[in-house]
Structures are given as C-alpha cells and as structure tokens.
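Work through the exercises below with the structure open beside you, and try each task before you read its solution.

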Amino acid sequence: MSNSETLFNEAKTLLPGGVSSPVRAIKPYPFYVKSAKGAVLTTVEDTNLVDCCLGYGPLLLGHANSVIKAAISSQLDNGWLYGTPTELEIDLAKRICGDHPSMDMLRFVSTGTEATMAALRLARGFTGKTDIVKVEGGFHGAHDAVLIAAGSGATTHGTPDSAGVLPDFAAHTRQVPYNDPEALEELLSKNDNIAAFIIEPVMGNIGPILPDDGYLKAVREITAAHDVLLIFDEVITGYRLGIGGAQVKFDIRPDLTTLGKIAGGGLPIGVFGGRREILEMISPAGPVYNAGTFNANPATMAAGIAMNKYLHMHEDIYAKLDERTRQIEEAVSSKASGTFVRMGSMFKYFFRSSAPRNYTEAKQCDTDAFRRFWEKALSAGVFLPPSQFETNFLSTAHGESEMTKLVQVYSQC
Ligand code: PMP
C-alpha cells in the first residue's frame with residue numbers, strides 16, 4: 001500500500017488542498033488512516049495512534065464500538081434510505097426531546113452546518129427580524145451567515161471570513177465577545193432588528209473556553225428581555241457534557257438548540273429543535289423551508305438510537321470521563337507555563353499563562369509552542385487535533401494503556 005505522502009500527492013491532484021475538509025490538511029502531509037478500533041487509529045504505515053480527536057467529537061464511545069456497529073449492521077440488512085418516514089425517526093426524536101426540556105419538536109438534517117443554517121432561518125422566519133448575533137470565535141459550520149470574522153468591536157457589522165460570502169449578507173451578522181454579558185446587553189438595547197443570538201454554551205472551536213459563573217443565565221435573561229431568540233449550538237456539547245448537554249448542566253432553556261456529532265452515533269447528523277410554536281413554522285407545517293434527501297436516514301437513526309440507549313443505561317460514563325481528564329490535568333507540571341482547561345471529556349492545554357476567557361485571549365496563545373508539543377505528542381503515538389484552537393476529546397474506549405501514554409505526553413508540557 002502507498003504511504004501517506006504518496007497518497008497526499010495524488011489527492012492534491014483531485015481534491016482541493018488534497019483534503020475534503022481544511023483542518024485535515026496537516027503539514028507537511030496528513031497521515032492516512034486504514035482502520036480504527038476503540039481509542040486507536042492505525043495509519044497506512046501501520047502506526048498506532050491514541051486518538052484524542054475522535055472524528056472531531058462524535059465518537060464518545062470510541063471507534064467501531066460494537067453496540068453502535070450492531071445497530072447499523074442490522075439496519076443495513078433492511079436498507080439504508082427509503083425517502084419515506086420511518087418509526088426510527090419518531091423513536092429518536094422522542095428520546096432527544098425527552099433529554100432536552102427546551103425541545104418539544106425537532107427536525108433531523110444531515111450535518112451541524114445544516115442545523116445552524118436552518119435554525120437561523122427559522123429564527124428569522126419566526127420573529128420577522130433580519131439580523132443575528134454570534135460570539136467572536138464561535139464556529140457554527142461553513143455557511144454564509146456564520147462565516148464572519150471577529151469584528152473590531154461588539155457593535156461593528158461583520159465582514160466575510162470567506163471569499164464568496166456577500167458583504168451585504170455578512171452585514172446582518174453581528175458579534176459579541178464570549179463571557180461579556182454587558183456587550184450583549186448593549187448591542188441588543190441599541191438594535192431592535194435582531195432575530196437570534198447563537199452561542200456555543202461552552203466554546204469548543206477555540207477551546208474549551210468555559211463560561212464564567214452566571215454568564216449563560218445572564219445571556220438567557222438578556223435575550224428574553226429583548227425578545228431575541230436564544231440558540232444554543234450544542235453540536236459539540238450535546239451528549240458530550242452529559243445527557244441534555246450544556247443546557248441541562250447549566251439549567252438554561254434556550255429557545256432553539258442545534259445538535260450533531262454524538263446524537264447520530266458517529267454517522268452524519270444534524271438536529272434543530274425547540275419550542276413547539278417555533279418549530280411549527282417549519283415546512284410543511286409552516287412557511288420556513290427545510291428539506292433533505294438524507295434527513296433522518298435510517299442508518300443514522302439506528303446509530304443514534306443505539307447511542308442514546310447506551311448513554312441512558314451507562315450514565316456513569318460521564319463521571320468516569322471527567323475523572324480521566326482530571327488525571328491528565330494532574331500530569332501537567334505545576335511549573336508548566338501554559339494552562340490546562342477541561343470540562344468533562346473536553347480538554348485542552350493552552351500555551352498561555354491563564355485560561356482564555358474569549359477569542360481575543362485565545363488568539364494570544366503561543367501557536368509555535370503548541371505546534372512543537374503537537375509534534376512531540378504524535379511522535380509519542382498520540383494524535384491531538386492539529387490546532388491550538390480545537391478541543392481535545394476522550395472516549396469511553398480510552399483505557400489504562402492509552403491513559404498512561406496521555407499522562408506521559410502531558411507531563412512534558
Ligand atoms: N456547530 C459547532 C459548534 C461545531 O463544532 C460544528 C463542527 N465542528 C458545526 C456546528 C458544524 O457541524 P458539521 O461539521 O457537522 O457541519
């Protein structure tokens with residue numbers, strides 16, 4: 001079999017940048033994986049790597065988990081796409097709504113990107129207002145409304161973060177810093193045309209960056225006072241921080257929620273859900289359009305149901321995972337110059353003297369030092385997401401031998 005460098009050279013002639021999603025373009029070339037089991041990826045060179053990326057979050061139970069695999073396999077025997085409704089989608093919808101007190105109804109889509117895109121359209125359709133607010137550094141997928149760089153202040157209009165995004169459209173997206181309720185209050189009090197505030201309750205795409213005490217409650221109160229819908233983007237935190245995600249953990253009821261990743265057991269999924277009166281605006285019940293060939297596809301539904309059942313039967317995994325990231329934190333020397341941040345099975349070592357509280361602070365991290373650490377970890381057989389600004393994850397498949405390796409790597413921070 002070809003090695004990774006040869007494969008990447010060929011890929012570059014067929015796939016832009018050689019990859020199918022930009023973060024995979026590790027320099028000078030990415031390693032190619034031929035198989036994965038439990039917490040371990042095996043490359044085409046037969047190198048085994050402890051995986052703390054886990055497909056960027058969905059694989060809470062590790063790779064090729066036997067329970068999820070059995071559910072997918074038995075569904076495959078019955079076909080994997082019908083183009084008609086199935087009992088499976090009722091079952092999974094009941095489970096997900098049951099796990100999230102804020103959700104009366106939901107719509108299944110195929111990715112987190114589609115979920116936030118649809119949730120924002122729904123917020124505009126429901127409120128009749130035009131603008132949205134997001135958090136600086138917050139990532140909600142690769143669609144026009146949310147691909148907006150941090151502006152130079154809370155009240156500035158957004159500027160596109162990608163060629164091809166119309167400035168006219170980007171101007172309808174505004175930004176506020178995370179952990180800054182005053183900036184949100186000021187922005188909302190000066191604008192009466194804001195449909196929604198979308199936020200990752202625990203920032204995962206430059207983090208984890210944790211909410212200050214009381215921040216999320218303040219966000220709920222401020223948005224409610226200004227009649228602005230609150231959208232919790234729990235694509236990462238959903239089922240990662242516990243059943244019910246951040247909203248149950250912090251006891252907040254957003255108006256709308258987006259999910260993805262773990263909710264589909266590792267197959268492609270997106271979910272947006274919330275209060276009945278809002279969701280009933282979605283077509284064909286209402287005038288806000290959403291559709292998809294692969295929405296609620298039976299294979300994903302089967303995987304999601306299996307994941308959901310497993311989590312309800314083994315809710316103790318969350319405490320166990322929390323204990324494991326604590327062990328990694330303890331391995332970091334008290335003399336280390338950076339800061340270890342964790343929440344449950346999300347963790348990160350920031351090359352900054354204190355934990356970042358927002359995007360501006362996250363950008364102050366020493367990314368060269370991160371790169372050196374990342375390379376050292378890889379040589380020691382540990383694959384961390386290849387950016388200072390991506391959360392690391394643990395799965396239930398990370399056992400003693402993987403933990404020993406991780407403790408070793410983090411003791412050298
Ligand atoms: N929202 C958040 C918080 C995410 O982290 C991501 C992806 N990492 C998305 C939305 C987009 O999800 P997807 O990649 O499934 O489109």
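**Exercise 1.** In this predicted model, decide whether Lys 261 is buried or exposed, and describe its surroundings.

*Solution.* Begin with the count: Lys 261 has 28 C-beta neighbours inside 10 Å. A residue is buried if 20 or more other C-beta atoms lie within 10 Å of its own, and therefore Lys 261 counts as buried. Next, place the residue in the chain, where Lys 261 lies in the loop between β11 (256–259) and β12 (270–274). Then look for its contacts: leaving aside residues up to four places away in sequence, Lys 261 touches Gly 57, Pro 58, Gly 112, Val 235 and Ile 236. Finally, consult the record, in which an unreviewed UniProt entry lists Lys 261 under "modified residue: N6-(pyridoxal phosphate)lysine".

**Exercise 2.** Describe how helix α3 (residues 87–99) and helix α10 (residues 298–313) cross, and which residues meet there.

*Solution.* Start with the axes, which come within 9 Å and cross at roughly 35 degrees; the crossing of α3 and α10 is left-handed. Next, list the partners: from α3, Leu 88, Glu 89, Asp 91, Leu 92 and Arg 95 meet Pro 298, Met 301, Ala 302, Gly 304, Ile 305 and Asn 308 of α10. Sorting the residues of this contact gives six nonpolar, two polar and three charged.

**Exercise 3.** Which strands stand at the edges of the open sheet of four strands?

*Solution.* First write down the order, β1-β2-β3-β15, in which the pairing is mixed. The edge strands are β1 (33–37) and β15 (382–383), each with a single partner strand, so one side of each has no neighbour in the sheet. Then follow β1 to strand β2 (residues 40–43): the two pair in the antiparallel sense over four bridges, and Lys 37 stands opposite Val 40 in β2.

Terms used. Residues numbered from 1 in each chain as written. Predicted model: local features only at pLDDT ≥ 70, side-chain atom pairs only at ≥ 80, totals over all residues. Axes fitted to C-alpha atoms, helices over the stretch in contact; angles between N-to-C directions. Left-handed = near helix turned anticlockwise from the far one by under 90°. Contact = placed C-beta atoms within 7 Å. Nonpolar A, V, L, I, M, F, W, Y, C, P; charged D, E, K, R; others polar. UniProt positions renumbered as here; feature names shortened; annotations may be inferred. Buried ≥ 20, exposed ≤ 12 C-beta atoms within 10 Å, placed from the backbone. Pairing = 2+ DSSP bridges.
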